[in-house]
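User: Hey, got a minute to walk through this structure with me? I'd like to talk salt bridges, hollow spaces and a few single residues.

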Amino acid sequence: MKRNRKVKILATLGPASSDEAMIRKLHEAGADLFRINMSHASHDLMRTLVQRIRNVEAACGRPIGILADLQGPKLRVGKFADTTVELKPGQTFTLDNKEEPGDATRVFLPHPEILESVKPGDRLLIDDGKLHLKAVKCDGKSIVTEVVSGTKISDRKGVSLPDTILATGVLTDKDRADLDAVLAVNDVDWVALSFIQRPEDLAEVRKIAKGRVGLMSKIEKPQAIERIDEIIELSDALMVARGDLGVEMPLERVPGIQKQLIRACRREGKPVVVATQMLESMITAPVPTRAEVSDVATAVFEGADAIMLSAESASGQYPVEAVATMASIAETVEREPHYPGIIYAQRAQPEATGADAISLAARQIAETLRLQAIVCYTSSGNTGLRASRERPEVPIIALSPVIQTARRLSVVWGLHCVVSSEPTDLDEMVNGACRIVVEEGFGKPGDRIIISAGVPLGTPGSTNMLRIAYIGSDGQTGI
């Protein structure tokens, strides 16, 4: 299944898209990998969805990535005696540790870590920012606030803390149980971590995962932006989670932060996903708004590795149409005359390593000689990531003997992943590359390709060789 675009599509599964037939339709429409939202999926449902995705993968013959998205800490106020209370700007309102129904003056906050961490002057945003409170007095047991804006608060509304770093990590007891269940399946490729605040938040997950899954940090808090370079360094990928980011920061700053994060990830060669409300109107409508089309196009122009559908594919009325629409937008943008200039203007300088120099040379040679494709042999995935970091004009075919590597690379810009056997010598390597280029529809006899690999063959992390090859008249051998 050959895609006519470089950017990847991540589709969330849910009530509208949980059966195997629908998952296959979404994949055929353009979904390259699937997200399982552990906020809603039980362990049994997660295992069922993973098996259904793997059945579709076997039927379609294409590696498909799976992302399990952990819920993260959900901070909420307690309940009120009358369910909802009315507030006025300027009045005092207290959040405390008393397990009693709230009223117009106070409410129970069942999170001691918040009571201990908030300082005078910190903001507390309730119900996605509809109510804005400012801390005036804090003693570790209660937070006396002033109502800045908003007029009401009701039972169990969420609390956001844009100015506060919590002493606790990002993993809750539920997250730990979900992570154990995901790792036990041994068939999930990525885990997304919600509400990352600092690089230290990755340490516990990294220790538990032990390299069995890639770690994708969801950037949705201002504290993460302040230490983003460190977080990128310790992450395997990033997600620009614009929903909560737009609650905790002024909405007008989100587009600029999106550009900042995409460019930072491209410099470091780390995959970056843009998520939330990309085609929101398609939850209930068969076509998107013009603004949504422009939003998707912006992410593609910026060179994001993947763009994500949430409720559009999980619970919307038109999941297949949403995926097909996103694919069509991406394909059209990548054919625009201005696309190459925009995408290549942000090309990162290679690091001073042999593998990076090889990847740079492969891209330059392929574009100068107008070769048909770049073929890279990659066991660990690093060679594939380096090839993608160059954002070449020609297709990249990533050949790996490790199915887990091919699945994990399904989120990476421009990589067409194929599971292949490890070549035993150079002739087998060249012939195999030529044969796969023809079989996958990227070339024909007489075309030229460039191959990157490591010698000795089969040694991970030893990319040190380039080879230009003609595809023979039989489509099976290289010259």
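Analyst: Sure, what follows is a quick run through those topics.

User: Before we start, what kind of model is this?

Analyst: This is a predicted model.

User: Okay, salt bridges then. How many does a search of the whole structure find?

Analyst: The search finds 34 salt bridges.

User: Pick one. What does Asp 96 pair with?

Analyst: Asp 96 forms a salt bridge with Arg 106, and their closest N and O atoms are 2.7 Å apart. Asp 96 sits in strand β5 (residues 92-96) and Arg 106 in strand β6 (residues 106-108), so this pair ties together parts that are ten residues apart in sequence.

User: Are Asp 96 and Arg 106 buried or exposed?

Analyst: Asp 96 is buried, and Arg 106 is buried too.

User: Which salt bridges sit inside a helix?

Analyst: Here are two. Asp 173 and Arg 176 meet in a salt bridge at 3.3 Å, N to O. Both residues lie in helix α4 (residues 173-185), three residues apart, which is about one turn of the helix. The other pair is Arg 435 and Glu 439, where the closest N and O atoms are 3.3 Å apart. Those two belong to helix α17 (residues 426-439) and are four residues apart, about one turn of the helix.

User: And is Asp 173 buried or exposed? What about Arg 176?

Analyst: Asp 173 is exposed, because its relative accessible area is 65%. Arg 176 counts as partly exposed, because its relative accessibility is 30%.

User: How about Arg 435, buried or exposed?

Analyst: Somewhere in between: Arg 435 is partly exposed, with a relative accessible area of 29%.

User: Which residues do shared salt-bridge partners join into a network?

Analyst: Arg 54, Glu 57, Asp 187, Asp 189 and Arg 407 are joined into one network by salt bridges that share partners.

User: Now an odd one. What's up with the charge on Glu 113?

Analyst: Glu 113 is buried yet has no salt bridge. Its nearest side chain of opposite charge is Arg 176, 11 Å away. In general, side chains of opposite charge can pair when their charged atoms come close. For a salt bridge here, the nitrogen has to be within 4 Å of a carboxyl oxygen.

User: Where is Glu 113, and what does it touch?

Analyst: Glu 113 is in helix α3 (residues 112-117). Leaving out neighbours within four places in sequence, Glu 113 is in contact with Leu 75, Leu 166 and Thr 168.

User: Switching to hollow spaces. What's the volume of the second largest pocket?

Analyst: About 530 Å³. The lining of that pocket is made of 28 residues, and Arg 3, Asn 4, Arg 5, Lys 6 and Phe 442 lie nearest its centre.

User: Which helices or strands supply at least two residues of that lining?

Analyst: α12 (319-334), α13 (339-345) and β19 (415-419) each do. By class, the second largest pocket is lined by eleven nonpolar, six polar and eleven charged residues.

User: And how many cavities of 30 Å³ or more are there?

Analyst: Three. The second largest cavity holds about 60 Å³ of space. Its lining includes Cys 265, Arg 266, Asp 305, Arg 389 and Val 412.

User: Which element gives the largest share of that cavity's lining?

Analyst: That's α15, with three residues. α9 (254-268) and α15 (382-389) each supply at least two residues. By class, the second largest cavity's lining has four nonpolar, two polar and five charged residues.

User: Last topic, single residues. Why does Ile 396 count as buried?

Analyst: Ile 396 counts as buried because its relative accessibility is 1%, and the cut-off for buried is under 20%. Ile 396 lies in strand β18 (residues 396-400). Beyond residues up to four places away in sequence, Ile 396 touches several others, including Ile 374, Cys 376, Ala 387 and Leu 415. The C-alpha atoms of Ile 396 and Ile 451 are 10.0 Å apart, with their positions 55 residues apart along the chain.

User: And where does Ser 42 lie?

Analyst: Ser 42 is in the loop between β2 (33-37) and α2 (43-60). At 40% relative accessibility, Ser 42 counts as partly exposed. Its C-alpha is separated by 8.5 Å from that of Asp 178, which is 136 residues apart from Ser 42 along the chain.

Key: Residues are numbered from 1 along each chain as its sequence is written. This is a predicted model: local features need pLDDT of at least 70, side-chain atom pairs count only at pLDDT 80 or more; totals for chains, interfaces and linings use all residues. Side-chain values use heavy atoms; hydrogens and water are left out. Buried means under 20% relative accessible area, exposed over 50%, partly exposed in between (1.4 Å probe, protein chains only). Lys and Arg count as positive and Asp and Glu as negative; His and the chain ends are not counted. Contact means heavy atoms within 4.5 Å. On a 1 Å grid over the protein atoms alone, a cavity is a set of points where a 1.4 Å probe fits but cannot get out, and a pocket is an open set with protein on both sides within 12 Å along at least five of seven lines; lining residues have an atom within 4 Å of a point. Grid points are joined across faces, edges and corners, and a volume is the space filled by probe spheres set on the points. Ala, Val, Leu, Ile, Met, Phe, Trp, Tyr, Cys and Pro count as nonpolar, Asp, Glu, Lys and Arg as charged, and the others, Gly among them, as polar.
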